[in-house]
Amino acid sequence: MTQWNMYSRGDKIFAMTCAILVGMFTAATLYPFIYIAAVSFSSGFAATAGKVVLTPIDFTVEAYRFILGDPRFWNSYKNTFIYTIGGTAMSLVLIIPAAYALSRPQLVGRRFWNLFIAFTMWFNAGMIPFFLNMRDLGLLDSMFGIIIGFAVNAFNIILLRNFFESIPRSFEEAARMDGANEFQVLWKVFVPLAKPAIATITLFCIVSRWNGFFWAMVLLQSEEKIPLQVFLRHTIANLSDTEEFAMTALDASYSAETITAAIIVCSILPVLIVYPFIQRYFEKGILLGGVKE
Amino acid sequence: MSGVKLDRVVKTYGAVQVVHGIDLHIKPKEFVVLVGPSGCGKSTTLRMIAGLEEISGGTIAIDGRVVNRVAPKDRDVAMVFQNYALYPHLSVAENIAFGLRIRRTPREEIRRSVAEVAEILGLTQYLERRPADLSGGQRQRVAMGRAIVRHPKVFLFDEPLSNLDAKLRTQMRAEIRRLHNRLGVTSIYVTHDQVEAMTLADRIVVMNGGRIEQIGTPMELFTNPANLFVAGFIGSPPMNQLRGRVVRDADGPAVMIRDIRVRLPRDVSVEDSQEVLLGVRPEHVLLAARSNATPVPISLDLVEPLGSEALLHAEIHGQPFVIKAPTQGDVGRFSGLDMIHLPAEELKVFDAETGRSLITHQVSGG
Ligand SMILES: Nc1ncnc2c1ncn2[C@@H]1O[C@H](COP(=O)(O)OP(=O)(O)OP(=O)(O)O)[C@@H](O)[C@H]1O
Ligand SMILES: [Mg+2]
């Protein structure tokens, strides 16, 4: 490690400024999490009165008791898992071969296909045509519709294609000399080599699926198919205008705020748990040592 | 064992032809080295044999079978790449086994083959490591292991040693040759290093600009270069070239370099007053007088001692001339040197226009 004393005065000021800025940024990012967690464990009265700042006030788990006792919560939670896992798997199954094909110089009409796909990043049909399209395909109120409808995204394809393109050609050639066919070249060589890129895409997919809200709300009607985010919205809407709830709120053990916060905490938890496992794959320099240029 | 035959092989990229109809017959078990300057088409030729590049014209046959339309995996050839192309996510053992796995070789047989290859290459203790944790020489060996484990008909090497430092290169060069002596697999080896070519090859193919300049054993190329290009390419330092004009008289043929008259060997086909280049290998220059050697005055300007030998940089009528002479432990012996002797039987003569050798006593293949 470099000695602090070895830095010049200017370097020290720079390093300290960086540290302060990073610290502020971290605090700004972290605080909402802490606040939400604190609210979820506070009494409804304290939360509604805006007394919670950093730690729970009048500690209680009533909000959790309320939502965990609701079978609709568990059902939507399960749905979110299905959409996340199914959707991410579907994305990878479609994106990996597409990106590989687009990265191969021998692909006929490669420029056209690349442009064709990149085009959708800037220009798309828009909401209403997309909705009509889904309707005409019979994918309204369909779990499969949610999974397939949003599985492919041009940005991810291009990201992975670029990574595949950066893999030296000699890997493909060596594998082909070793007897691999196109599929084996892809699955046994390129996919393992592209792990960091695939992990990135996987994470993008998981997060966007997990947080997926708008289209699920628009496309799904049946209560038993909705994901957690939509359930969260329903709950908030219900809580705020139920008269009965206004009564219980006086009792103040939970409120719309604390229940919202509790649901948010429940929905964030799995992401926090999964992230470290995926993060392992963001290893730098996985190509190191394979080739020497 | 299998030979490789190239007949009028052509490669074009779009409108550009880069290999112009190569004929090359490689015998079974032969170690052939393709050598030539950068961009002369060595790699392209090798890759056409491997099946990694399409053949634009002519035919390539391996073991008597024309393979123009055969996929690389079905040609039964193995290739060692310049950058090794080891799979970084696999261990050494898995790297070596990759080809066998793909071909669904039984597990037990794979284990045995990998162990055997590792033994041959001295990799046994590294089998569990990843390529990233190996030295350059070890990686090079893994790349070789991946090729030999499959017992292919032909080995192809594309500058396999160019990423190693000089010492390791010398060592691996000897190992490759030893391996060839042991396995006897037909090998085609690309390099632009003429020392590598000389030391490894049974036969050398000198290429230039997409054509073959000459094919022959290392000694044939050294002693009887077919043209100026080969003469300049094989041998280090390269052959000296002195421009002059032929005179023929009662004493036999000679070359006039201005006022210096250099006697030529008898078996040259030259015409009177033909413009020629006189070729003299630096190591063939004599410092002492001898019969049948022409004395030539020089002006010495630099002595580079290499140990047992020294390179003397000199000029003959303004034309640069390099001499390689034994030091006998004392570089001082060259000071004041102003006369050298050119032995007639070692001199080469090339047509100044075409660059062709005008020596007639031996015509080497091309
Ligand atoms: N894909 C390609 N498209 C167009 N021209 C190419 C292509 N690949 C190679 N060439 C050209 O073909 C010629 C021969 O290339 P090649 O790689 O065979 O040279 P080389 O003898 O192996 O040289 P080096 O010693 O530098 O590796 C070069 O002039 C090169 O520019
Ligand atoms: Mg090359």
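Helices (H or I, at least four residues) and strands (E, at least two) are DSSP runs, numbered from the N terminus. The model here is predicted, so local features need pLDDT of at least 70 and side-chain atom pairs count only at pLDDT 80 or more, while totals for chains, interfaces and linings use all residues. Residues are numbered from 1 along each chain as its sequence is written, chains are lettered from A and ligands numbered from 1 in the order in which they are written, and side-chain values use heavy atoms, with hydrogens and water left out.

**Exercise 1. Find S273(B) and N292(B) in their loops, and describe their backbone and exposure.**

Step 1: place them. S273(B) sits in the loop between β13 (260-263) and β14 (275-280) of chain B. N292(B) is in the loop between β14 and β15 (293-297) of chain B.

Step 2: check phi. Most residues other than glycine have a negative phi. S273(B) isn't a glycine, yet its phi is positive, about 60 degrees. N292(B), also not a glycine, has a positive phi of about 65 degrees.

Step 3: check exposure. Buried means under 20% relative accessible area, exposed over 50%, and partly exposed in between (1.4 Å probe, protein chains only). S273(B) has 42% relative accessibility, so it counts as partly exposed. N292(B) has 40%, so it counts as partly exposed too.

**Exercise 2. Work out how the two domains of chain B meet.**

Step 1: get the bounds. The domain assignment (automatic or from a database) gives domain 1 (4-229) and domain 2 (237-351) in chain B. Their centres, taken over C-alpha atoms, are 39 Å apart.

Step 2: count the contact, meaning heavy atoms within 4.5 Å. Domain 1 of chain B puts in seven residues and domain 2 of chain B eight.

Step 3: size it up. Buried area is the accessible area (1.4 Å probe) that two parts lose on being put together, summed over both. For these two domains of chain B that's about 580 Å², 67% of it on carbon and sulfur atoms. F222(B), P225(B) and L228(B) supply 83% of the area that domain 1 of chain B buries against domain 2 of chain B.

Step 4: look for salt bridges (a side-chain nitrogen of Lys or Arg within 4 Å of a carboxyl oxygen of Asp or Glu). Between domain 1 and domain 2 of chain B the count is zero.

Step 5: look at the stretch after domain 1. The peptide bond from S236(B) to P237(B) is cis, with omega near -5 degrees. P237(B) itself lies in the loop between α8 (228-233) and β11 (240-249) of chain B.

**Exercise 3. Describe the contact between chain A and chain B.**

Step 1: count residues. Chain A gives 24 and chain B gives 26.

Step 2: take the area. Chain A and chain B bury about 2300 Å² between them, 61% of it on carbon and sulfur atoms.

Step 3: pick out the charged pairs. Two salt bridges cross the interface of chain A and chain B. In one salt bridge, the side chains of E173(A) and R47(B) meet at 2.7 Å, N to O.

Step 4: see which elements take part. On the side of chain A that touches chain B, α9 (169-177) and α10 (182-193) of chain A are the elements that give two or more residues. The largest share, seven residues, comes from α9(A).
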